[in-house]
Amino acid sequence: MRFKDRVALVTGGGRGIGAATAQLFAREGAKVAVSDLDEGPAREVAVPISGLPIACDVSDRGQVERMVERTVKELGRLDILVTCAGVIRDNLLFKMTDEDWDTVIDTHLKGTFLCAREAQKHMVEQKYGKMVFLSSTSALGNRGQANYSAAKAGLQGMARTLAIELGSFNVNVNTVAPGFVETRMTRATAERMGVDYEAFKLGAASQIPLRRVGQPEDIASVIAFLCSDESSFVSGQTVYVRGGP
Ligand code: NAP
C-alpha cells in the first residue's frame with residue numbers, strides 16, 4: 001500500500017501503459033483519476049478500480065485545467081501526475097506533413113507541459129508531488145519518427161528542468177523511456193507497415209537482450225517506483241525500460 005491516501009492522475013489512462021499504471025496505483029491504495037481522449041476507455045479502466053474517469057484532450061489548455069480541477073475537487077488533492085497520453089504519426093521526413101508534426105508535438109510535449117503546469121500549483125502548495133513523463137527509446141533516434149523522437153527527447157529535457165525548478169518544493173520529476181511494449185501503439189505500427197503483429201513482436205524480441213518485448217506492467221512498476229517514497233532522492237532522471245541497456 002505504497003500509495004495509501006495519495007491521489008494520482010494518469011493521462012492516456014484508458015489503454016496500454018497508462019491503464020496498467022492506474023490499476024497498479026489503485027491496487028496500492030491510491031485514488032486515481034483516469035483520463036483519456038475519449039470517456040469510454042477512461043471509464044472502462046476507472047470503474048473497476050473505483051477511480052474517476054475524465055475525458056480530456058491534453059493538448060487543449062481549457063480541458064487540462066478542468067481535468068486537474070475536477071481531480072482535486074472530487075478526489076481531494078493531487079500528489080502524482082503520470083503523462084501517458086500519446087499518439088504516433090510516423091513518416092519519413094520528406095513525407096511528414098505539418099499536421100503529423102503538430103499532432104505529435106502537441107500531444108506529447110505541449111500536453112505534458114500543460115498538465116505539469118496545472119499539477120504543480122497543487123504540488124508546490126502542499127510541498128509534495130511526483131511527476132513521471134513517458135519518454136521513449138525513440139528519443140535516441142528512430143527512422144520515420146522525427147516528430148515523435150523530438151517530442152520524447154524534449155520531455156527528458158523538460159523533466160530535468162522541472163526537477164531543478166520544483167525540487168525545493170519537494171516535487172520529483174522523472175521520465176521513463178520504454179522500448180517496445182505490447183500495446184495498441186505498437187500494434188498500429190505493425191498494421192501501418194503491413195506486418196503481422198506476432199511476427200513483428202518476434203522480430204523486435206530478437207533484438208532485445210532479454211529476448212522478449214515489454215508488457216505494460218513492466219513499465220507501470222518502474223513508474224510506480226518513481227512515484228513512491230522509495231525513490232524520494234531521485235529526480236530529473238530518465239530510466240530506460242527496454243529489456244537491455
Ligand atoms: P496507447 O495504448 O495507444 O495509449 C495511449 C492513450 O493516449 C490512448 O488511449 C490514446 O487515445 C490517448 N491519447 C491520444 N491522444 C491524446 C490526447 N490528445 N489527449 C489525451 N489522450 C490522448 O499507447 P501506449 O503504448 O500505452 O503508450 C503510452 C505512452 O508510452 C505514450 O506516451 C507512448 O508514446 C509511450 N511509449 C510507448 C511505447 C510502446 O512500445 N508502446 C514505447 C515507448 C514509449 P486514442 O487511442 O483514442 O488515440
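Here are some questions and answers to help you find your way around this predicted model.

Q: Which residues form a negative surface patch?
A: A good place to start is helix 4, which covers residues 98-126 and contains D98. D98 has a relative accessible area of 65%, and since anything over 50% counts as exposed, D98 is exposed. The negative surface patch that includes D98 is made up of D98, E99, D102 and D106.

Q: Where is Q145 found, and is it buried or exposed?
A: Look at the loop between strand 5 (129-134) and helix 5 (146-166), because that is where Q145 is found. Its relative accessible area is 6%, and the cut-off for buried is under 20%. Q145 in this loop is therefore buried.

Q: Which side chains are joined to that of Q145 by polar contacts of 2.7 Å and 2.9 Å?
A: Both contacts run between side chains. The one of 2.7 Å joins Q145 to S138. The one of 2.9 Å joins Q145 to N142. In that order, the partners are S138 and N142.

Q: What is the distance of the polar contact between the side chains of D90 and R192?
A: First find D90, in the loop between strand 4 (80-83) and helix 4. D90 is buried, with a relative accessible area of 11%. Its side chain makes a polar contact with the side chain of Q145 at 3.2 Å. The polar contact that joins D90 and R192 is 3.3 Å.

Q: How far apart in space are G144 and S35, C-alpha to C-alpha?
A: G144 has its place in the loop between strand 5 and helix 5. With 16% relative accessibility, G144 counts as buried. In sequence, G144 and S35 are 109 residues apart, and from C-alpha to C-alpha the distance in space is 28 Å.

Q: How far apart in space are Q126 and L78, C-alpha to C-alpha?
A: Q126 is found in helix 4. With a relative accessible area of 26%, Q126 is partly exposed. Q126 and L78 are 48 residues apart in sequence, while their C-alpha distance in space is 9.2 Å.

Q: What is the phi of N170, and where does N170 lie?
A: Most residues other than glycine have a negative phi. N170 is not a glycine, yet its phi is positive, at about 65°. N170 counts as partly exposed at 39% relative accessibility. As for its place, N170 lies in the loop between helix 5 and strand 6 (171-178).

Q: Where does R211 lie, and what is its phi?
A: R211 lies in the loop between helix 7 (197-206) and helix 8 (216-227). R211 is exposed, with a relative accessible area of 55%. Although R211 is not a glycine, its phi is positive, at about 60°.

Q: How many salt bridges are there?
A: Side chains of opposite charge can pair when their charged atoms come close. One of these pairs is K4 and D5, whose side chains meet in a salt bridge at 3.7 Å, N to O. K4 is exposed, and so is D5. The count of salt bridges comes to 14.

Q: Why are K121 and E118 separated by about one helical turn, and how far apart are their closest N and O atoms?
A: K121 and E118 are three residues apart in helix 4, so about one helical turn separates them. K121 is partly exposed, with a relative accessible area of 43%, whereas E118 is buried at 9%. The two form a salt bridge, and their closest N and O atoms are 3.1 Å apart.

Q: Which residue meets K201 in a salt bridge?
A: The side chains of K201 and its partner E182 meet at 2.9 Å, N to O. This pair links distant parts of the chain, with K201 in helix 7 and E182 in the loop between strand 6 and helix 6 (184-193), 19 residues apart. K201 counts as buried at 12% relative accessibility, while at 23% its partner counts as partly exposed, and that partner is E182.

Q: Which residues are joined into one network by salt bridges that share partners?
A: Some salt bridges share partners, and in this way they join residues into one network. The residues joined are R2, E28 and E230.

Key:
Residues numbered from 1 in each chain as written. Predicted model: local features only at pLDDT ≥ 70, side-chain atom pairs only at ≥ 80, totals over all residues. Heavy atoms only, no water. Patch = residues over 30% accessible without salt bridge, like charges linked within 9 Å, V, L, I, M, F, W, Y side chains within 5 Å. Areas by Shrake-Rupley, 256 points an atom, 1.4 Å probe, with all protein chains shown as cover. Salt bridge = Lys/Arg side-chain N within 4 Å of Asp/Glu carboxyl O. Lys, Arg positive; Asp, Glu negative; His and termini not counted. Charge placed at Lys NZ, Arg CZ, Asp CG, Glu CD. Helix = DSSP H or I, 4+ residues; strand = E, 2+ residues; numbered from the N terminus. Buried < 20%, exposed > 50% of the residue type's maximum accessible area, 1.4 Å probe, protein only. Polar contact = N/O pair within 3.5 Å; in protein donor to acceptor, adjacent residues only side chain to side chain.
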